[in-house]
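Thanks for coming, everyone. Let me put the chain on the screen before I say anything about it.

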Amino acid sequence: MADGSDTNMTAGPTATAQASSGLVAGLRAFAAGHGGAKAVIEYVGKRGARIVLVGGDGEWADQFADGTDVARQACVKAGVEVENEWERELMDQMRPSNDLWRSMGRRSLAR
């Protein structure tokens, strides 16, 4: 038997990330202003997670969270339904603004 302590190491209390009230408020405000909303959560590496919101009227926006768990928690608190992936119906519902089309055109021309 090896010398040493006979006690087991246990992990200390883990700090679970909490969704900030600002993030939840932003999700609620978007949903309220656009006839409800659905969200798709995308992992973006060290930066955390991107929450892409698609409103009932076709408008869309995004928010960033510290991680996918925080993003899901924020969506639950805000009452926003989370889709597991980009479904065709959700993509068809999106209506990009004219400003977005112009900005995408400038990016491709600038390359």
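I will go through confidence, then the fold, then helix α1 and the core.

This is a predicted model, so confidence comes up front. The mean pLDDT over the chain is 76. A score of at least 70 is reached by 60% of the residues. Please keep your eyes off residues 5-16: pLDDT there is below 50. That stretch makes zero contacts in the model beyond near neighbours in sequence. Where pLDDT is low, the predicted coordinates should not be read in detail.

Which element has the highest mean pLDDT, and which the lowest? Helix α2, residues 68-78, has the highest, at 94. Helix α4, residues 98-110, has the lowest, at 56.

Now the fold. We have four helices and four strands. In sequence order they run α-β-β-β-α-β-α-α. The chain has 111 residues, and 27% of them count as buried. Take the contacts with a separation of 6 or more: 53% of these link residues 24 or more positions apart. The accessible surface is about 8,000 Å². Carbon and sulfur atoms hold 50% of that.

Next, helix α1, residues 21-33. Its 13 residues should span 18 Å at 1.5 Å a residue, and the end C-alpha atoms are indeed 18 Å apart. The buried residues in α1 are L23, V24, L27, F30 and A31. Down the axis, they fall within an arc of 130°, so they line one face of the helix. What covers them? The cover includes strands β1 (37-43), β2 (49-55) and β3 (60-65), along with helix α2. Turn to the face of α1 away from its buried side, and you meet the exposed residues S21, A32 and G33. Just after the helix comes G35, with a positive phi of about 70°.

That takes us to the core. In soluble globular proteins, nonpolar side chains tend to be buried together. Here the largest nonpolar core has 19 residues. Two or more residues come from each of α1, β1, β2 and α2. Which residues have the most contacts inside the core? They are L27, I51, L53, C75 and V80.

Pick out L53. Setting aside neighbours within four places in sequence, its contacts include L27 and F30, which are both among the buried residues of α1. L53 also touches V80, another of the residues with the most contacts in the core. The rest of its contacts are K38, A39, E59, W60, A61 and Q63.

That's my tour; over to you.

How values were computed:
Residues numbered from 1 in each chain as written. Predicted model: local features only at pLDDT ≥ 70, side-chain atom pairs only at ≥ 80, totals over all residues. Heavy atoms only, no water. pLDDT = per-residue confidence, 0-100. Contact = heavy atoms within 4.5 Å. Buried < 20%, exposed > 50% of the residue type's maximum accessible area, 1.4 Å probe, protein only. Areas by Shrake-Rupley, 256 points an atom, 1.4 Å probe, with all protein chains shown as cover. Expected span 1.5 Å × (residues − 1). Arc of directions from axis to C-beta. Core = buried A, V, L, I, M, F, W, Y, C linked by side-chain atoms within 4.5 Å.
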